[in-house]
Amino acid sequence: PKVDLTSPPPKGTRDLLLARGPEGLAKWVRAERRLLFTDTTMRDAHQSLLATRVRSHDLLRVAPATAHLAAGLFSIECWGGATFDATLRFLKECPWERLRKLRAAMPKTRFQMLLRGQNLLGYRHYGDEVVNRFVEKSAENGMDVFRVFDSLNWTKGMTVACEAVRKQKNAVLEAAVCYTGDVSDPKRDKYPLDYYV
């Protein structure tokens, strides 16, 4: 699509967060009657299809147009999951620098990340102090919404990360459970609807 990149990006959802804070944003979300969308292209699309190998350079090339076209989205999920590890290990880039540059290119768009609870973005549990500091630094570097989950729905493993997000001035906690299966099938009795409720 054609975008006038000489004009500043339109007012976006991050403006709403900064003006109202996390609690005000939560009230706004509950009052909304329209669907609110999160675009996961900058994280999940290339994680699922390209082994998380899209370079920061390429993300930054589309960021100005995205800032104009996606200002009304609830958020853009651009970090977390395997992006941190793959950026360091395979692309030889700094994931923190990626986040800061994307934030500069899309200042009015709310950013979201996927956070594996006590595992953060790694593959083992980290100490509480590491979790707290990582969340703090992520928020300082431009992250707005933290979608915290545990692959086994072990809520105790999510607690420290959830509390760390709530301590940040303008960070939003989106606690999530992992869902699989068909809750309408009575033969699936290990994870029925009551489990998820």
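**Group meeting: a walk through the model**

Okay, let's start with the rings: this structure holds nine aromatic pairs. One of them is tyrosine 195 with tyrosine 196, an edge-to-face pair with 4.8 Å from centre to centre and 85° between the planes. Those two values are there because a pair of aromatic rings is described by the distance of the centres and the angle of the planes. As for how tyrosine 195 sits, it's partly exposed, at 35% relative accessible area. There's also a cluster, where ring pairs link Trp79, Phe84, Trp96 and Phe134. And before I go on, please keep in mind that what you see on screen is a predicted model.

Next, the sheet. In what order do the five strands come? They go β1-β2-β3-β4-β5, in an open sheet with parallel pairing. The edges are β1, at 38-39, and β5, at 172-175, and each of those pairs on one side only. Quick reminder for anyone who hasn't looked at sheets in a while: strands pair through backbone hydrogen bonds, either parallel or antiparallel.

Let me zoom in on β3 and β4. That's residues 111-115 against residues 145-148, parallel, with four bridges between them. If you want a residue to click on, take leucine 114, whose bridge partner in β4 is arginine 147. Helix α5, residues 95-105, packs on the sheet and touches both β2 (75-80) and β3, and its direction makes about 165° with that of β2.

Go back to β3 and pick methionine 113: its bridge partner in β4 is phenylalanine 146. To get from β3 to β4, the chain crosses through helix α6, residues 128-140, and that β-α-β crossover is right-handed. Then β4 and β5 run parallel, joined by four bridges. Here phenylalanine 146 turns up again, with leucine 173 as its bridge partner in β5. The chain makes this step through helix α7, residues 156-167, in another β-α-β crossover, and this one is right-handed too.

Now helix α2, residues 41-50. Which of its residues are buried? Met42, Arg43 and His46. They sit on the same side of α2, because they cover an arc of only 110° around the axis. Turn to the other side of α2 and you find Ser48 and Leu49, which are exposed. So what covers the buried residues of α2? The cover includes helices α3 (56-69), α4 (83-89) and α5, along with strands β2, β3 and β4. Right after α2 comes alanine 51, and its phi is positive, near 55°.

That brings me to my last topic, positive phi. Lysine 92 has a phi near 55°, which is a positive value in a residue other than glycine. Where does it sit? In the loop between α4 and α5. Lysine 92 counts as exposed because its relative accessible area is 67%, and the cut-off is over 50%.

Leucine 120 also has a positive phi near 55°, again in a residue other than glycine. Its place is the loop between β3 and α6. Is leucine 120 buried or exposed? Buried: its relative accessible area is 5%, and buried means under 20%.

If you'd like to look for yourselves, start at phenylalanine 146 in β4, with methionine 113 as a bridge partner and leucine 173 as its partner in β5. Okay, over to you.

Key. Residues numbered from 1 in each chain as written. Predicted model: local features only at pLDDT ≥ 70, side-chain atom pairs only at ≥ 80, totals over all residues. Heavy atoms only, no water. Pairing = 2+ DSSP bridges. Helix = DSSP H or I, 4+ residues; strand = E, 2+ residues; numbered from the N terminus. Contact = heavy atoms within 4.5 Å. Axes fitted to C-alpha atoms, helices over the stretch in contact; angles between N-to-C directions. Right-handed = clockwise from strand over helix to strand, strands pointing away. Buried < 20%, exposed > 50% of the residue type's maximum accessible area, 1.4 Å probe, protein only. Arc of directions from axis to C-beta. Phe/Tyr/Trp six-rings, centres within 6.5 Å; stacked < 30°, edge-to-face > 60°.
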